[in-house]
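Me: I should like to understand the terms used for the structure below. Please set each value against its definition.

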Amino acid sequence: MTALVLVEHEGGAVKDATLAAVTAAARLGAVHALVAGEGADARSAAEAATKIAGVEKVLLAADPAYAHMLPENVAPLAAQLMAGYDAFVAPATTTGKNVAPRVAALLDVMQLSDVIGIEGAKEGGRTFVRPIYAGNAIATVESRDAKLVLTVRGTAFARAAAVGGSAAIEDVTGPGDAGLSSFVGIEATKSERPELTSAKIIVSGGRALKDAATFEQLIVPLADKLGAAIGASRAAVDAGYISNDSQVGQTGKIVAPELYIALGISGAIQHLAGMKDSKVIVAINKDADAPIFQIADVGLVGDLFAIVPELTSKLQY
Amino acid sequence: MRVLVPVKRVIDYNVRPRVKADGSGVDLANVKMSMNPFDEIAVEEAIRLKEKGKASEIVAVSVGPAKAQETLRTALAMGADRAILVETEEAVEPLGVAKILKAICDEEQPGLVVMGKQAIDDDSNQTGQMLAALTGRPQGTFASKVEVEGEHVTVTREVDGGLETVRLALPAIVTTDLRLNEPRYASLPNIMKAKSKPLAVKSPADYGVDVAPRLTVLKVAEPPVRQAGVKLGSVDELVARLKTLGVVA
């Protein structure tokens, strides 16, 4: 079996989520990577992709039509290339989730979304594990389709090494611009901090932070000291303390850092679904019965407004 | 312009799902069911488009059991004009639903399809994208803002790195994210009125669509339980513990 992995890239670099998708794809068989994009950016992303351990070949589709991963243009390209492959694997990022189902429908196959496990170590496995009901249940499903299309949850698979490989680049062309859609712009969240989904430490705040100003006063100094990314519960996002792209949970980002510090987060099911795979979870909350304590490795019951500044001052970094 | 709004009947957002003892699925007997929350947002968005004079008629569609009529009545009570139930007691996968919706689009010729980005039961996040592929139309997924202007719709999308804006030629498929709007509650008079709005009942066979599943569910299990750790008494103890665990210097 040979799998084609959709490479997510930005500014000529391969994004980390792709590396987990490569690991998952390697469980199915040989791995080729597809880089779709424009000009020099796409070429340098393709060159980076040749170095990913386990990737045997990189297909480069360089065309302005593929510049912003518009699914109307990229899906027909991928579907056309799939004539030579048995599986299409994309990271379960907003880009992968946008493109992969469109590819699956063009191939007339059912996609396996958000795969967290592949059963059977032998090549050609068709049994997959995926969360349903916001992670409240785990389904094991088998595909009967001729070709597989899956999106892979990045926190569930180790990242393939970004260096060490030496694949060749093959230029490919696709149908180009379908003329249905155009990219207008992106309002990127500017931050000096690590990205939530790849951060080693995350400091996350909940509704108990009271308002946007308090959220910033308490969370930012601690995150600065730890070099951490900042997350939030859906309640904090809905209350307007911080923008939605910081939301951790089933409806936001799924994270699994080395250390997750939950401040004033009660631990709603949907939040836990987004962070319960973190290695060490610390919870600080004034309510000793908050559900977050049922999954936290280390808990501290008390007043955030006293504890957090004290913690920030006592941590050496 | 006609707007098509597919809606799904799912386990209520506030109910904690229980896995059946035999591992065959999630227990839905005697469990409160509601409209998928993302679909409620889609219905609301369609109604707002109608209120702004951009949409002329809203057609709600559901693929599901007879009881999905209740979900469609909710959509009608919120403000949809008529409804179509494609009745089947079997679970239909996203690809099958997309094929049925494609057939309905061929009949109804909507200018816009607005639907939830995912259902909160199977969490697939596929049907909108698949419908867009099958109809050969553009897709604006995970929408937090939708503006219809002439022959185009401009969609602001919630993506990992921020907010992306795309411009799509109509007809188009839009899938909703949480912050697009806050759905209204249906008023009692509107709930009464909804009872007399038209609701057509069809079957997948009426559309000539094969909805046989492609995936076999081998088992459904509870997620692994994470053990609660220790509660400490002071910040000093917390700092010491974090050092012992090796997660801070």
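Reply: Strand 13 of chain A and strand 9 (residues 162–169) of chain B pair in the antiparallel sense over seven bridges. The model is predicted, local features need pLDDT of at least 70, side-chain atom pairs count only at pLDDT 80 or more, and totals for chains, interfaces and linings use all residues. Residues are numbered from 1 along each chain as its sequence is written, and chains are lettered from A and ligands numbered from 1 in the order in which they are written.

Me: What makes strand 13 of chain A and strand 9 of chain B a pair?

Reply: Two strands pair if DSSP finds at least two bridges between them, and these strands have seven. In strand 9 of chain B, B:Glu164 is the bridge partner of A:Ile186. Strands are DSSP runs (E, at least two residues) and helices likewise (H or I, at least four), numbered from the N terminus.

Me: Why is helix 5 of chain A called roughly parallel to helix 8 of chain A?

Reply: Helix 5 (residues 212–226) and helix 8 (residues 304–314) of chain A pack at about 25 degrees, with axes 9 Å apart. Helix 5 of chain A is therefore roughly parallel to helix 8 of chain A, a term for angles under 35 degrees (over 145 is roughly antiparallel, 65 to 115 roughly perpendicular, the rest oblique). Axes are lines fitted to C-alpha atoms, for helices over the stretch in contact, and angles run from 0 to 180 degrees between N-to-C directions.

Me: Which residues of the two helices meet, and what counts as contact?

Reply: A:Leu218, A:Pro221, A:Leu222 and A:Lys225 in helix 5 of chain A meet A:Leu304, A:Val308, A:Leu311 and A:Thr312 in helix 8 of chain A. Contact requires C-beta atoms, placed from the backbone, to lie within 7 Å.
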